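I opened this entry to keep track of what I looked up in the structure, item by item. The sequence and the model come before the notes.

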Amino acid sequence: TMVYPIDVLKEKAQEYYDILRFDYEVNDIGVCINRAKEIGEIMVDTGKMLADAKWHLDEVMRGEFIKVIKEAVCDQLPPSAVNNYIKVACKEYNYIVNWIEQLDKDAKYQFDMMRTFISRLKNEDGYYNYKHNGNT
């Protein structure tokens, strides 16, 4: 499978962020079902996006580590300082990984909420139909 380029990851993350922030009506079962489907598709993609973002982060970290070794900085600095240097050099990639990870969590949370709303609406609808069809 192709690894998404970092720019594509940023674009998709922004798109999904906007979708997940969108306000929706939770008293309409059709809206909840469509929302759950949309969020399910996002969940599938954010899983891959997260793996791809971590792949990019690992690549950058490896490159920074090689650069530190070539510059012989490892001999002059304690390991914690070398780790901090690499972390700072990878700041943008860490941000993207964290953002996508949060989007993935938010999508799962909203999906669970939609399932709860759908169940509640089905129960209410079933109860309403039962009561209004002459049953007591």
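**Surface.** I began with the outside. The accessible surface of the protein chain comes to about 9200 Å², and carbon and sulfur atoms hold 55% of that area. I note here that the model is predicted.

**Fold.** I counted the secondary structure elements next. The protein chain has five helices and zero strands. Written in sequence order, the pattern is α-α-α-α-α. I then looked at burial across the chain: of its 136 residues, 29% are buried. For contacts I took the pairs with a separation of 6 or more, and 81% of these join residues 24 or more positions apart.

**Cysteines.** How many disulfides are there in the whole structure? I searched and found zero. I also looked up two cysteines by burial. Cys32 has a relative accessible area of 0% and is buried. Cys90 is at 1% relative accessibility and counts as buried too.

**Nonpolar core.** I asked which residues have the most contacts inside the largest nonpolar core. They are Leu9, Met49, Ile100 and Met114, in a core of 30 residues. Helix H1 (6-21), helix H2 (29-70), helix H4 (79-89) and helix H5 (91-131) each put at least two residues into this core. As background, I wrote down that nonpolar side chains tend to be buried together in soluble globular proteins.

I followed Ile100 further. Setting aside neighbours within four places in sequence, its contacts are Leu9, Ala13, Thr46, Met49, Leu50 and Ala53.

**Ala13.** This residue came up among the contacts of Ile100, so I cite its burial next: Ala13 counts as buried at 0% relative accessibility. Ala13 lies in helix H1. Beyond its neighbours within four places in sequence, Ala13 contacts Met49, Trp99, Ile100 and Leu103. I also took a C-alpha to C-alpha distance: Ala13 and Ile42 are 9.9 Å apart in space and 29 residues apart in sequence.

**Ala107.** I looked up a second alanine, this one in helix H5. Is Ala107 buried or exposed? Ala107 counts as buried because its relative accessibility is 0%, and the cut-off for buried is under 20%. Not counting residues up to four places away in sequence, Ala107 touches Leu20, Ile39, Ile42 and Met43. Its C-alpha is 9.4 Å from that of Ala36, with the two positions 71 residues apart in sequence numbering.

**Glu64.** I wanted a charged residue on the list as well. Glu64 is in helix H2. At 14% relative accessibility, Glu64 counts as buried. Which residues does Glu64 contact, leaving aside neighbours within four places in sequence? I found Tyr85, Ile86, Ala89 and Cys90. Cys90 in that group is the cysteine entered above at 1% relative accessibility.

**Aromatic pairs.** I searched the whole structure and found two aromatic pairs. Tyr17 and Trp99 form an edge-to-face pair, with 6.4 Å between centres and 65° between planes. This pair links distant parts of the chain, since Tyr17 is in helix H1 and Trp99 is in helix H5, 82 residues apart. I checked the burial of both partners: Tyr17 is partly exposed at 33% relative accessibility, whereas Trp99 is buried at 18%.

Tyr95 and Trp99 form a tilted pair, 6.0 Å centre to centre with 40° between the planes. These two residues are four apart in helix H5, so about one helical turn separates them. Tyr95 is exposed, with a relative accessible area of 53%. Ring pairs thus link Tyr17, Tyr95 and Trp99 into a cluster. I had already entered Trp99 as a contact of Ala13.

**Charge over a ring.** My last item was a lysine. Where does the charged end of Lys48 sit? I found it over the ring of Tyr4, at 4.9 Å from the ring centre.

Methods: Residues are numbered from 1 along each chain as its sequence is written. This is a predicted model: local features need pLDDT of at least 70, side-chain atom pairs count only at pLDDT 80 or more; totals for chains, interfaces and linings use all residues. Side-chain values use heavy atoms; hydrogens and water are left out. Buried means under 20% relative accessible area, exposed over 50%, partly exposed in between (1.4 Å probe, protein chains only). Contact means heavy atoms within 4.5 Å. Accessible areas come from the Shrake-Rupley method with a 1.4 Å probe; for residues, only the protein chains shown count as cover. A disulfide is a pair of cysteine sulfur atoms within 2.5 Å. A nonpolar core is a set of buried Ala, Val, Leu, Ile, Met, Phe, Trp, Tyr and Cys residues joined through side-chain atoms within 4.5 Å. Rings of Phe, Tyr and Trp (its six-membered ring) pair if their centres lie within 6.5 Å; planes under 30 degrees apart count as stacked, over 60 as edge-to-face and the rest as tilted. A charge sits over a ring if NZ of Lys or CZ of Arg is within 6 Å of the ring centre and within 35 degrees of the ring normal.
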